[in-house]
Each structure stands twice: as structure tokens, then as C-alpha cells.
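Got the viewer open? Let's take a walk through this model, one selection at a time.

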Amino acid sequence: MGKRVGIIGVGQTHHAAKRLDVSGVELIAEAVTRALDDAQLTMGDIDAIVIGNMDHFENINYVDMWATDGLGSCMKPVFKVTTGGTTGTTVGACGYYHVASGLFDVVLAVGWEKNSESDTQAAIATCANPTLERDPFAGAIGPLATEYSMYMKAYGATESDSAMVAARDRNNALNNPYAHSRQAVTVEDVLNSPMLSYPVKFLDMCPRSDGSCAVIFATEEKAKKLCPKPAWVHCSVVRHDYTHFGDLEWKFMPTLERASAAAYKLAGITNPLKEFDVAELYIPCSTCGVKWMDSLWFCEHGGAPKLIRKGTFDMDGQLPINPSGGVISTNPIGATALIRVGEAAWQIMGKAGARQVPNVKKALCTGFGGCSWTDLMILGADLP
Amino acid sequence: MEKVAIIGVGFTKYDRNSPLTFAEMVFEATSKAIADAGISKDDVDNVVSASSDFWDGRTISSMAISDASNAFGKDITTVEGDGTFAALYGMMRILSGSFGVTVVCAHHKGTESSMNGITNCAFDPLVERRLGIDAVSSAALQARRYMNKYGLSEEQFALVSVKNHGNAMRNPLSLLPMEITVDDVMNSRKIADPLKLLDCSPVTDGACTLVLAAERFAKKMTTNKKRVWLKGVGHCADAFRLGDRDLADTRALKRAAKRAYAMAGIDDPRKEIDFAEVYDAFSYMEPLWLEGLGICDDGKGCEYLERGYFDYGGKLPVNASGGRLSANPVQSAGLYAMAEATLQLRGKAGKHQVRNAETALVHGINGMCGQSHCVWILGK
């Protein structure tokens, strides 16, 4: 059987709408250097490297090759994995499998995106089938607006419920020095912000950021030696849906339900709301922060608005979600989901600074993208 | 460590202007591979695809083949690069203990792609890209450097084309089976000096799928005749900028090969490897990479070639299938090479069967001028 794996270092850039001070490669180097510093390692300690991003955004082909100087990968094993919005978690999972396979001891996983140099919407529109679905489902906002409209109609959720999620995540970001958008907002501010696509408003939606994240995975033996408190990977699970948007189920998230059910089984979790101490979830739009909570088995279908109104997921609630400010505050797409893994690891390592949740033993992180793909990872303070 | 086997292979015929979409090609290859393994699609618990947004011209291109690759409801992920790297990730996922049976699939529709534009985007956007450099013109620089370093001639490189197109005559799958001479190569149209048309691989469509299984499943699911073991693998990358490398120095390949040989327990590759599928997208590459693989000393590849060492009936047959020179679906070429090696080791390679094949070497490349290499050792 495979090896047990721990996260021993995390680094992320300071994120912004435009990082004019660095090139893409330098952006990657910033995250890599910080991850090495966090783990107190040098490049010489790294056995293999994985990187991912979304190629069409910055128009760079073979990113694993191009990023050599930033990755420190010259004369090392390196390859690239990518799955759209979930790329970050996909990169994290690949780093995990590199080590769990027993082929490599210490592995660096890197996600990045310099969205200020790209036309994100134009690039992402090409993910839909060119003849059937590219026109109605071009871009990210339309499908998210569609699914929440259906959810509101089915379960009586409101625009205020999603606005509460937006306000929660945006105010959490005030505690995160790395976050891109850091502004105090109220529920009213969100409700009064410009409508993008009903019912999604400007402050409900994530930004496009420049940024990068690096996470270092190590075998049990190495992790124990190199890190006082590694964040152990309990499991990594992916589920995806049909290829065509028209085939999807819209009122709940089947991929998230299947992925989380499988992961909870692997990690021995029976009551996720109670057993997780913190969650860093890929919530690209506040409406997902309502609807998708059902699909994580935190409650029955339609139960999420009640929990949100109670403050269950606030910093001082039963299960704090996105202490970092989440995707709504920071979104360098290829890195976004890896930041979830990194932030969750820091929460377990006790390194999350002002956004630290006390005494975190078990953390959940997710990635979202593609055709409703879900990548999910469970981390723990104790060995799996 | 647990072992991993290839238990099924499937592929489409190499084609030009295939009437199928790339998803349909993947469906065909995957269905054949699952049937070849003699298993049901429900036995597969995860999927690794090799997919490239640039080559496919759409973002998250792997999304378009997930139904076709049998991934619905399963754990799926995507490697961007040559199929040999995707197979490596497939093996890692099995060795981690998380998965039992893995589909690894790759597709390529060269005839729907602009090779120049796509490979030009692999160069630095600020400096080199503006020169218009691409896979072919950078390969020409590498060929010239290799010639200058060791005093080699274009005629010597042409021998690779003669051999590999000739080998393709025995392979019904191949796109360009041809009986040609060194003169034919020398007189073919100049593409980028010193490369002529017959020094270059053709634009090709094709999808290929492997089914990998952990030892415990492989032994239960298939017979000994079907199983081929993944014995060793190594990968390594060199510097990005062409100017930061000596293009005739194969140091990254040497390191990748060393790792693969160590894992497979190979002390002397010259003696222990029975045949090789080496990345020959351009004729000069075959002798260059054979040097990096330690099959011959640096600068001696062409000499061995002239002696017939790498011929179909030679001491170490290289690219008995016809190689990439006879058909090169870029993204899936590496998986085709692994499938070819699998058929050879099963003794089912038909008219181009290599005799007494026990141990095979398969080699794949990422990036320009072989910046990154993946070396596999497969065995019975």
C-alpha cells in the first residue's frame, strides 16, 4: 500500500488585480520561495515538481517547461496537470500521489495565474461545446446564476442568504494579508451592488487575480523529521459530471455529493458539520455558498439558508468556512483551489495568523470547475 | 513495492482528417482497450487523460472527453503533455493504494491544429516567440548543433528516415509506410535547414488508451499472456531557454534514463533491452536520444545506425513500428509507443514482431528540443 503523506510547507503570493511588479515566472518564484521558507527547505530538498494553470488565459503552452526558472525545476522531474477551475486541487492531489506512490519523498505542487494579462471570459467560453452550448453558456456567471435561480424557486432561499455569504467571506478577508480584495462590506452593500446576471450581483462574484500558491508534500518519515506539525492528508477524491451543461442536474450538486460522500467514508467522518473544525471551500460566487452546503451533507436539501442565517459558518460559528476570505476575495484561477489546500494546512499547523481558528484537528477543502467537477481533500492534525 | 501492469491497449488507426471528433476517437480507443483487457467498464475506478487546451483549441479540453473515456462518476484527472507522462501519473495513483484499475487515454487531432502557432506559444512571449520560432525551426537548430558538435552529416540522419519508413511497411497501422533511399530524403523539400520533408514526422490524428492495473487486480483479471509489467520509469527536465542548454547535450535524458534503469534493475541497457520505441519526431533525434539513453556513447549514434545496429533485424531494433516519422499524433504518440511495446512483449505485433522480446524501452518527450524526457522500461 501507499505511503502516508503530510503537508510541510505552504507559500502564497500577495494577490492583486494587477501584479505589475512581477512577470508570471517571478510570481511563481515568489510562492515557491515562500513555501520553501515556510518548510525551512532549499530547492535541493525537492525531489519532483507539479504545476498547473489554465493555458489559454495567459496564452502560454507547456507551462511546466516555460516556468522552469520560477519553479527551480532545471534537472528535476516535473510535469503539468490541469483541469480548469479545479486545477489547484488537481495539482495538490498530484503532489500527494507523487509522494503516496513511494516514488518521491518531497514534492512541490504549484498553481498560478496572471489574469491581468489575459481575457478570462473569452478563454473560458471555449470550454463549452462549440456548436451546441458555447453561446448560452459562455463564461462563468451565467450557469451559476441559473443554478441559484432554480434553488431559490425550489427551496425559498433568497438573495439575502447569498449576500450574507458574500459579506462573511469578504469580511473574513480583512484578516488575511495575502487576500486580493479586502474591504468591509455589509449585506446591504452586496444587495445594492450592480446586477451581473440575476440573481448574481457584483459583490457576490469572485474577482480575477494575479497570484500563485505552492504546497510541499512529504512522506510520513520526512514530514515528521522536517516539520513540527504537519497537516496530514487523509484523502483526496475527485468526481466529475457529464460533458454537456444541458445534461447537468441544477438543483443540487451531484459531483459534490458523490465526492464528499466518498471522502467522508475514507476519512471515517459521519457528521461533517460536527467533525470538521474548519473548511476552505471553492465558493466562486456567494450563491454557491448557499446551495452547495446541502451537497456537502451539512444539512438536508434546502436546509442551507437556515444554517447561514444562524451564523453556523461564521468565524465564531460551529464550522467556520473560508477564514481566508475564500475565492470571492482572491481568485488566481489555476492557484485558487491550491490556496484552499494551503490555507487548510496552515489552519492545522497553527500558522493562519489573525484568521486562525482555534485548535483545528480536521479540515475540509474543495475545488470546483469544469463541468461541475469537484476535487476534495481532507486534512488532519493526526495521522490518517 | 506493489507492481503495476498494462492489461489492455486500444487505439484508433493513424489518420489524416479523421471524420471523428476527438471525443469519438477517445471513445473508440478506450472501448477497445477495455475489451482487450477483458474487463467491464465498471471495473475501472479512475481515469487519467492526456489533453492539451492548445492542441484542442478549447479550454479545459479534457472536459470534452470525460464521458468518452468512461469517467462519469469516477475519479478523473488530466496531464498536459506526452502520453508517457500521463501513464506515469496513472502508475503513481495505483501505487498510492487509492486505485486498482486505471484508464490512461490520450488523443490528438493534428489535422485540426496549427502546429506552428501552437508550438510557437511554447516559447518565451517577450523574446523568442516574436522570432516565429516553433517546433520545427527549433529542431533544425538542434540538428545543426548536433552535426557541428560531432561532425555528423545530413545523409546520416536520412538513414533514420529510410529505416523507420521501411519498418512501417510491416505495420498496417502506420500512416507513411515507404520504401525510400537516402537520396529521396536528401532531395525532398527543405523545411528548415538542415531538415527536409522526409526528416520530419507527419501531421497525424489518433487516440490511444492503456488500461493499467495493480498487481493484485492484474493477476485476477487477465492471463499471463496479456499482462506487461511497468518495471521502471524516470523523468527529468532541462532548462527552458534554448540558449541556456547545449542542444546536443542529453543530460536531462541521461538522468531520466538512470532513474528508470535503477528502478527496473538494469545495469547494462545495451545488453538487457531487446527493443526500443524512441521519440523520433525528426530523424536526427533518434541517434541523439539513443546516446542519452546510454545505448551508445555520445556522438556515436549515427555510427551504430550505419552498422545496422538499430535495424529491424539488428542487435537492438529501434522503432520497429515505423516510429513517429511514420505517424506522429503528438499528444498520444507516447501512449501509442507504450501500446506498441505491449503488443511486442505479448508476441502479438504481427508482421513487425521483434523476436525474443522480453524487455522494452519506451521514450517520450515534453517541451521543445526534448527539454523534458520520460523513460519507461516494460517487461514480461
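Two strands pair here if DSSP finds at least two bridges between them, and helices (H or I, at least four residues) and strands (E, at least two) are DSSP runs numbered from the N terminus. Before you click, note that this is a predicted model, in which local features need pLDDT of at least 70 and side-chain atom pairs count only at pLDDT 80 or more, while totals for chains, interfaces and linings use all residues. Residues are numbered from 1 along each chain as its sequence is written, chains are lettered from A and ligands numbered from 1 in the order in which they are written, and side-chain values use heavy atoms, with hydrogens and water left out.

**Stop 1: a strand pair across the chains.** Select β3(A) and, in chain B, strand β3 (residues 75-80): they pair in the antiparallel sense over two bridges. Now pick Val81(A), and you'll find Val79(B) of β3(B) standing opposite.

**Stop 2: the whole interface.** Widen the selection to everything in contact (heavy atoms within 4.5 Å). That gives you 58 residues of chain A against 59 residues of chain B. How much area is buried between chain A and chain B? About 5000 Å², with carbon and sulfur atoms giving 60% of it; buried area here is the accessible area (1.4 Å probe) that two parts lose on being put together, summed over both. On the chain A side, show Tyr62(A), Met75(A) and Tyr97(A): these lose the most area to chain B, together 15% of what that side buries.

**Stop 3: polar links.** Which residue of chain A forms a salt bridge with Arg241(B)? Zoom in on Asp69(A), where the closest N and O atoms of the pair are 3.6 Å apart. A salt bridge means a side-chain nitrogen of Lys or Arg within 4 Å of a carboxyl oxygen of Asp or Glu, and the count between chain A and chain B is two. There are also 23 residue pairs in polar contact between the chains, both residues at pLDDT 80 or more. For that term, look for a pair of N or O atoms within 3.5 Å; within protein, one must be able to donate a hydrogen and the other to accept it, and residues adjacent in sequence count only if both atoms are side-chain atoms.

Colour chain A by element next. Those giving two or more residues to the side that touches chain B include α2 (55-58), α4 (68-71), α5 (87-100) and β8 (231-239). α5(A) gives the most, with seven residues.

**Stop 4: each chain by itself.** Hide chain B, and chain A shows 16 helices and eleven strands. Swap over, and chain B has 14 helices and eleven strands. The C-alpha atoms of chain A fill a box of roughly 55 × 45 × 40 Å along the principal axes; for chain B the box is roughly 55 × 45 × 35 Å.

**Stop 5: backbone oddities.** Go to Tyr198(A) and Pro199(A), joined by a cis peptide bond with omega about 0°. Pro199(A) sits in the loop between β5 (195-197) and β6 (200-201) of chain A. In chain B, select Asp193(B) and Pro194(B) for another cis peptide bond, with omega about 5°. You'll find Pro194(B) in the loop between β5 (190-192) and β6 (195-196) of chain B. Last, pick Asn59(A), in the loop between α2 and α3 of chain A: its phi is near 60°, a positive value in a residue other than glycine.
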